[in-house]
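Please open the structure in your viewer and keep the selection tool at hand. This tour names what to select at each stop and then describes what is there.

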Amino acid sequence: TKRPALWRWILGTFLILVSWTLIGAVLTAAFAGFFGLDLKALTGTDSQSRALLSTYPAWQSASTILISFLPLLLTTLLAYRTIIRRPVMDLLSSSLSLAPRRILRGALVMSALLIITSVPDLILNSADYKYTFNAGQFAPYLLVALILIPMQTSAEEVFYRGWIQRWLDNGRRSIWLVSLANGALFALPHLANPEVNGELFLAVVGYGATGFMFSWVTFRDRSMEIALGAHAANNILAGLLVTSSDSALPSSSIWTTPAVVWGPAAIISVAIVPIFIWLTRKPADKVAA
């Protein structure tokens with residue numbers, strides 16, 4: 001199949017980003033108005049905004065933030081169909097189908113790695129963990145987490161491991177180059193998150209390693225099944241089990257920790273990359289050159 005012209009990718013990227021920015025902002029403003037939330041508090045990173053945000057029901061503020069990703073998901077799929085002129089399923093998998101068991105495997109492997117790497121810290125540094133479970137707040141947040149977080153992570157996967165990766169992968173570039181470039185691009189918008197707190201280099205390493213990992217398995221499988229499941233599991237667990245007090249996404253988790261300590265976080269993010277890639281492989285996997 002002939003590779004689509006460069007101008008189609010550039011035009012599509014422009015329209016996707018404009019749609020995400022403008023329509024996403026409209027949706028966020030509409031939800032904020034409906035729930036009676038202060039928009040500045042939702043998007044602010046200063047202590048006053050964070051303090052006000054903490055007084056809102058987590059399920060409402062999380063819904064208001066997460067809904068902004070809906071245009072990213074829909075516009076990326078639409079742009080691939082109309083501008084790139086290829087079937088939507090081709091963006092998700094070269095086989096034009098998704099295997100639910102592979103999505104589930106990605107979710108289970110990611111969940112296991114997160115729990116295994118988190119439990120020792122919970123035991124050894126228990127004083128840093130505040131028990132914040134509240135059944136009344138947790139129940140509605142659980143519903144939001146199971147519906148809107150997978151939508152948000154799928155939107156990011158469709159854009160980064162779908163649209164961007166298809167653009168980067170011209171059939172001649174290696175899995176290393178495509179994955180490194182994809183990981184770097186994935187890290188960039190996350191640097192605006194409040195939990196980064198000035199630790200730009202370590203944050204790039206942490207977020208970049210995750211993006212690299214998801215890109216690698218997508219390139220290897222020629223499908224984003226593993227990445228879809230793993231990304232959703234990662235964000236859902238962060239919202240339900242352990243979150244940091246400065247997290248970009250409001251949550252109603254069981255435990256809350258102080259600000260992210262980026263040194264250990266970055267090291268763990270890098271360390272789990274080869275383990276995740278190995279655990280999610282198929283029996284006959286061969287790494288592309």
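Which residues does Phe 276 touch, not counting residues up to four places away in sequence? Select Phe 276 and you will find that it touches Gly 106, Val 109, Met 110, Leu 113, Met 213, Phe 214, Val 217, Ile 226 and Ala 230, where contact means heavy atoms within 4.5 Å.

Before going further, note that this is a predicted model, in which local features need pLDDT of at least 70 and side-chain atom pairs count only at pLDDT 80 or more, while totals for chains, interfaces and linings use all residues. Residues are numbered from 1 along each chain as its sequence is written, and side-chain values use heavy atoms, with hydrogens and water left out.

**Colour by confidence**

Colour the model by pLDDT, which is the predictor's confidence in each residue, from 0 to 100. The protein averages a pLDDT of 91, and 97% of the residues score at least 70. Among the elements, helix H5 (residues 70-82) has the highest mean pLDDT, 98, and helix H3 (residues 47-53) the lowest, 79. Helices here (H or I, at least four residues) are DSSP runs, as are strands (E, at least two), and they are numbered from the N terminus.

**The nonpolar cores**

Next, select Met 110, Tyr 141, Trp 163 and Phe 276, the residues with the most contacts inside the largest nonpolar core, which has 66 residues. The largest share of this core, 14 residues, comes from H8. A nonpolar core is a set of buried Ala, Val, Leu, Ile, Met, Phe, Trp, Tyr and Cys residues joined through side-chain atoms within 4.5 Å, and buried means under 20% relative accessible area, with exposed over 50% and partly exposed in between (1.4 Å probe, protein chains only). A second, separate core of 5 residues includes Ala 187, Ala 203, Tyr 207 and Trp 262.

**Along helix H8**

Move to Ala 155, which is in helix H8 and counts as buried because its relative accessible area is 0%. Leaving out residues up to four places away in sequence, Ala 155 touches Phe 69, Leu 72 and Leu 73.

Now select Arg 161 and Glu 157, whose side chains meet in a salt bridge of 2.7 Å, N to O; a salt bridge is a side-chain nitrogen of Lys or Arg within 4 Å of a carboxyl oxygen of Asp or Glu. Because they are 4 residues apart in helix H8 (residues 135-168), Arg 161 and Glu 157 are separated by about one helical turn, and both are buried.

Add His 231, which lies in helix H11 (residues 225-240) and is buried, with a relative accessible area of 3%. A polar contact of 2.6 Å joins the side chains of His 231 and Glu 157; such a contact is a pair of N or O atoms within 3.5 Å, where within protein one must be able to donate a hydrogen and the other to accept it, and residues adjacent in sequence count only if both atoms are side-chain atoms.

**A salt-bridge network**

For the last stop, select Asp 221 and Arg 102, whose side chains meet in a salt bridge of 2.9 Å, N to O. This pair links distant parts of the chain, with Asp 221 in helix H10 (residues 200-221) and Arg 102 in helix H7 (residues 100-124), 119 residues apart. Asp 221 counts as buried at 11% relative accessibility, and Arg 102 is buried at 3%. Then add Arg 220, whose side chain also meets that of Asp 221 in a salt bridge (2.9 Å, N to O). Salt bridges that share partners join Arg 102, Arg 220 and Asp 221 into one network.
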